[in-house]
Amino acid sequence: MVKLTVVGRVNDGLPISQWPLYEEDGDNTIYKQHAEFLLHEISMAALPPSATTILLPHHHCFNYVVKNGVCFITLCDALYPRKLAFHYLQDLQKEFDKIDLNLVKQITKPYSFIKFSNQSSKFLFSSKEFSSVWFLINLFYVADNTICNIRRQYMDTRTQANLSKLKSNHKQELHVHTEQMSLVVEWRRRSDMLERMMKAHKSAFPVWGSQTLEVNIYRRVNCKKSQRTFIFLFIIASYFHFVTLYF
């Protein structure tokens, strides 16, 4: 069963839409934080941008796909057919393909890609601005309803449509990467620790990585080059002096 869906931008890791709109229990809040963490890792190129399954403890898993700079993540039971989960994500992605991505780029607040009232909006904008705002209103309305409507089609795995999807495209499973959530978290922990160590090293020894060090290194390199040139010219001059004296 599809329990949670999060849609986000890849370039900055901003979550722009979710389902359900409100957390029903503490578990959903925790899983949403996990989804946001995965979205951040994808934006940092720490996870592959292709279709991937992230295995969780307690018989759950995340599945995600990325297309046109938008990531679609869903949480499912471990027993839910993975193929159906990716069909669900692909259907979401197809609906978002109908939306102007330039308007999606204008979103600045997390999870603001939802339906909101349009009665008062038309009095706040000019006619030209209102057309753009009206499109955004429809855009948010699509995000709210599309996720819910598509999810409803995948709740029962025994419908004729879902059974047909399970029987077709058997090779699709081969193109899905699999990762362990614990390994992703551990990799991020080590990466952050290494970054902190590098910052602490630079703070303790500020000359390293500084412009002063670069200037000193440049001067030393040029000095060595000058010394080598002088020695070479001295040897050549000595050779010709020896030749003129004895020959």
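This section describes the sheet, the helix packed on it, the nonpolar cores and selected residues of a predicted model.

Confidence varies along the chain. The mean pLDDT is 77, and 66% of the residues reach 70 or more. Residues 115–131 stay under 50 in pLDDT, and the model gives this stretch 13 contacts beyond four places in sequence. The pLDDT is also below 50 over residues 133–137, a stretch with 10 contacts in the model beyond near neighbours in sequence. Helix α4 spans residues 127–153.

The strands form an open sheet. Six strands take part, in the order β2-β1-β5-β4-β3-β6, and their pairing is mixed. At the edges lie β2 (15–19) and β6 (177–180), each of which pairs on one side only. From one strand to the next, the twist averages 20 degrees. Strands β3 (residues 52–56) and β4 (residues 60–67) run antiparallel and are joined by five bridges. Phenylalanine 62 in β4 stands opposite isoleucine 54.

Helix α2, formed by residues 82–96, lies across β1 (2–9), β3, β4, β5 (70–77) and β6. With respect to β4, helix α2 runs at about 35 degrees. Glutamine 93 is placed in this helix. Glutamine 93 counts as buried because its relative accessibility is 11%, under the 20% limit. Residues up to four places away in sequence aside, glutamine 93 touches Lys67 and Phe72.

Two separate nonpolar cores are described here. The largest core has 26 residues, and those with the most contacts inside it are Val7, Ile16, Phe72, Tyr80 and Tyr88. Two or more residues of this core come from each of β1, β2, β5, α2 and α4. Helix α2 supplies the largest share, seven residues. Phe72 of this core is one of the residues touched by glutamine 93. For tyrosine 80, the contacts outside its neighbours within four places in sequence are Met1, Val2, Ala85, Tyr154 and Thr157. The second core has 19 residues, including Tyr31, Tyr64, Leu75 and Met181.

Threonine 74 belongs to strand β5. Threonine 74 is buried, because its relative accessible area of 1% falls under the 20% cut-off. Neighbours within four places in sequence aside, threonine 74 is in contact with Val2, Leu4, Thr5, Cys61, Phe62, Asn63, Tyr88 and Leu89. Among these contacts, Phe62 is the residue in β4 that stands opposite isoleucine 54, and Tyr88 is one of the residues with the most contacts inside the largest core. Threonine 74 and phenylalanine 62 are 12 residues apart along the chain, and their C-alpha atoms are separated by 5.6 Å.

A search of the whole structure for disulfides finds zero. Cysteine 71 has a relative accessible area of 0% and is therefore buried. Cysteine 148, in contrast, counts as partly exposed because its relative accessibility is 23%, a value between the 20% limit for buried residues and the 50% limit for exposed ones.

Definitions and conventions:
Residues are numbered from 1 along each chain as its sequence is written. This is a predicted model: local features need pLDDT of at least 70, side-chain atom pairs count only at pLDDT 80 or more; totals for chains, interfaces and linings use all residues. Side-chain values use heavy atoms; hydrogens and water are left out. Two strands pair if DSSP finds at least two bridges between them. Helices (H or I, at least four residues) and strands (E, at least two) are DSSP runs, numbered from the N terminus. Axes are lines fitted to C-alpha atoms, for helices over the stretch in contact, and angles run from 0 to 180 degrees between N-to-C directions. Contact means heavy atoms within 4.5 Å. pLDDT is the predictor's confidence in each residue, from 0 to 100. A nonpolar core is a set of buried Ala, Val, Leu, Ile, Met, Phe, Trp, Tyr and Cys residues joined through side-chain atoms within 4.5 Å. Buried means under 20% relative accessible area, exposed over 50%, partly exposed in between (1.4 Å probe, protein chains only). A disulfide is a pair of cysteine sulfur atoms within 2.5 Å.
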